[in-house]
Amino acid sequence: MSENFKELRLAAVSRHFANPSGQRVAALHELSLTIKRGEFICLLGPSGCGKTTALNCIAGLLPVSGGTISLDDYRIDLLPPEKRGFGMVFQNYALFPHMTVRKNVAFGLLMRGTPKDEIAQRVARAFKLVQLTGHEDKLPGQLSGGQQQRVAIARAIVIEPPLLLMDEPLSNLDAKLRLEMRAEIRRIHKELGRTTLYVTHDQDEALSLADRIVVMKDGLVQQVAAPEEVYTQPSNLHVARFMGYRNVLELGIAGEANGKISLEGSGLKLHGTPKQSITGKAFAATRPEDISIGTTGPNVLEGRVVNSEYGGRDSLIDVIVGNDVLLHARTTDRPQPGDTVKLTVSPDRVLVYSGEGA
Amino acid sequence: MSAVAARWRPDLGVLLVAPAAIFVVLFFVYPFAYGFWLSFTPAEGGWLANYEKFFSDSHLWRTLIITFQLSLPVTILNVALALPIAFQLRRKTRYQRFVTTLLVVPITLGTVLIAEGMLTYFGPRGWLSQFLQLLHIYDGPIRLTHNFIGVVISLVISGFPFAFLLILSYVTGIDPTLARAAATLGAGPWAQFRHIYLPLLAPGLAITFCLAFVQAFSVFPSAVLVGAPSGPTRVISLAAYEAAFEQYDYSMASTVAMIMGFAQLVVVIIVLASRNAFYRGPVTGAKG
C-alpha cells in the first residue's frame, strides 16, 4: 500500500458483537474520521469504550460490521491484515519469542520479499532509530520491558507502513520509562513523518503526543479536537470528567447574559460559561487546578478544609462549601484541615453542561 | 538465618516423596533390573547367548523390523493428522469442545474393544464391505483386517486421539497475538503457521511423537486380534510373549523385552535430542 496517500477515511465504521445472551452490542458505533498523512491521532477513552476495537478494525484484525475504511479512493476494509500492511504495536508487544530481535524486525521485510542486503540496511537503520544497536542478536526474553517495546516499534516501522497503529503500547511500563518512551515515540513520529494512530486511556499521554484527540465512550465518539481544545473546552460532561474536571455540581439556572450563565443551588452562587444549550438541569464542571485561594472575581466561595493532601509542588485540598458540597482544589498554600478558606474560580473556567449525554 | 533454623531437622519433603519412590523401586526399578540380569542368564550357552540367538534367528530379529515398520509410519501418520486438526480447533469454541469429547472416546475404549468393532465394521463381511458392494463402488474383495493394514487402522484409532489432545494443548498455549502481529507484518495464514506456530510447536511435537511412538511400538492385542500374528504383524511383543508363556524361557523373554526397550530408547533419544535444535522458551509475546 502506498505511503504517499493523502488521507485515511473511516466512514460510519461500526463493529457489533453478540453478547453471551445473544443480543447484538455495538462495541463501536458509526465512527467517522479522516486522518491526514503525517498526523498523530490519539483514540482516548476508558476501557471498553471501543478504541481498541476501532484500531483492530483498521488493522484488519476484526471485520467491520458496517461502514467503510478507505485509503484515498481505495477501499481497504475487506482486505485481510497482511494485505493492508499497517504496522501495529501491540499492548503486550507480541514479539516472536523464538526469533532473535534482528529476525523479529526483519520479519515484515522478509514477508515482502525484500532483497537480503536491503533488509540488512533497513533493519540496521531501524535499530539505530530506536537506539537498540548492539542488541540485535538477543532473544526478546533477554531484553527489558522498555527495550522490548522499542523492538516492537522498530518491527512495525521498518516496513514503512502508510499508517502506524499503536495499542496502549506504554501501559506495561513503569512511570519513568513511560515518560521516556513517550518522548521517543513522538521523536520517531517526527523523524519519519509517519501517520500514527495511537490508542490510550491515559489523557496525559494523549495530550502530549497527539495532533488531534478522539475522545470515545461506549463505542461513540464524544469529541474530536486538538489536545488544547479537548483539555480546556471539553464538548460534553463526559469528556470533561475524563479530562480531569473533578468538581461537577448540579445547580439551578439563575440567569443568562453575555454568553455567561449564573447558577445557584445547594447554598452556592456560581457564574460560568455554557458549553451547550442548557435546558432543565445544569451541571457546572471545573478542574481542581482552576480553583485558587483568594477573593478576586465574581465567584468567591467560603468553606472549611476537611482534607489536605501534600503533593510536592502543590497540595490537593478538599473543601466543604455551601450546603455540604465538596470541592477539590489545588493550591500552593498549605491550609490545614479545619481552616476556613475563601476559594475563587474564573467564570471562564466553570464550564456548564446540560447533562451526561452528548 | 538464625542458629535455630540452621539446625538439622528431619526434612518432611523426603516423607512426601517416599511413597512414590518406594512404588517406583518396587514395581519398576527392581523388575527392570531383575529382567536385565535374567536376560544374561540363558538356559544354555554363554551370558550373551540369548542376544546372539535373537539376532541370528530370522524368526526373532524380523519381529524388530516388523515392529518398526508398523510403529514408525503409524506414529508419523497420527502426529501428521493430529497437527492440522488441532491447529484448526485452536480457538476456544463450542465446536472445539464437541470434537475433543468425540475424540476422547476411543481412548476410553481400549484396544480389544476397538478390535471387536473393527472386525464387525472393516471385516470381509463387515458393514463397510457390504455397503461398498451394495452401491457397487468397489466390487472386489475388501481385506482390511487380519493383515498389516488392520493393525495400522487399529493403532490410528487408538493413537490419534492421544496425539490430538496433546498437540491441542500445545497449540492453545501459544499466544494468538503472535499470529496477529505476523499478519500485520504481511504474513498470510500459511506463513503464520510456518514461521510462528510450527517453530513454537516443534518441541511439543517431538514429545508427542515420542509418546505416540512408544505406545505404538508396544502394540500387542491388536496385532493378534486384527493382524496376522504368524507373519506380517508378528511384532516384537509377540516374540516376548511366546518365549515367556509358550516356551517358558523367561531368560529369552527378558532378552526380547530388553531389546524392545533399547530400541524404543534409541528413537526417543534421537527425537528428544533433535528438540534442542529448536527454541524451547515461553510461547507468549509478553515481556517475561
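Here is a short chat about chains A and B of a predicted model.

Trainee: How many helices and how many strands does chain B have?
Mentor: Follow chain B from the N terminus and you read α-α-α-α-α-α-α-α-α-α-α-α-α. The count for chain B is 13 helices and 0 strands.

Trainee: What is the radius of gyration of chain B?
Mentor: Start with the yardstick: a compact globule of 288 residues would come out near 19 Å. The C-alpha trace of chain B spans about 80 × 65 × 30 Å along its principal axes. For chain B, the radius of gyration is 24 Å.

Trainee: What percentage of the residues of chain B count as buried?
Mentor: To count as buried, a residue needs 20 or more other C-beta atoms within 10 Å of its own. Apply that to the 288 residues of chain B, and the share is 34%.

Trainee: Which share of the contacts in chain B join residues at least 24 apart?
Mentor: Take just the contacts between residues at least 6 apart in sequence. Of those in chain B, the share joining residues at least 24 apart is 74%.

Trainee: Over to chain A: where are its domains, and how many angstroms apart are their C-alpha centres?
Mentor: The domain assignment puts domain 1 of chain A at 7-237 and domain 2 at 243-353. Their C-alpha centres lie apart by 38 Å.

Trainee: What classes of residue are on the side of domain 1 of chain A that touches domain 2 of chain A?
Mentor: In this contact, 8 residues of domain 1 of chain A meet 10 residues of domain 2 of chain A. By class, the domain 1 side has no charged residues, 4 polar and 4 nonpolar.

Methods. Residues numbered from 1 in each chain as written. Chains lettered and ligands numbered in written order. Predicted model: local features only at pLDDT ≥ 70, side-chain atom pairs only at ≥ 80, totals over all residues. Helix = DSSP H or I, 4+ residues; strand = E, 2+ residues; numbered from the N terminus. Rg over C-alpha atoms; globule rule 2.2 N^0.38 Å. Buried ≥ 20, exposed ≤ 12 C-beta atoms within 10 Å, placed from the backbone. Contact = placed C-beta atoms within 7 Å. Domains from an automatic or database assignment. Nonpolar A, V, L, I, M, F, W, Y, C, P; charged D, E, K, R; others polar.
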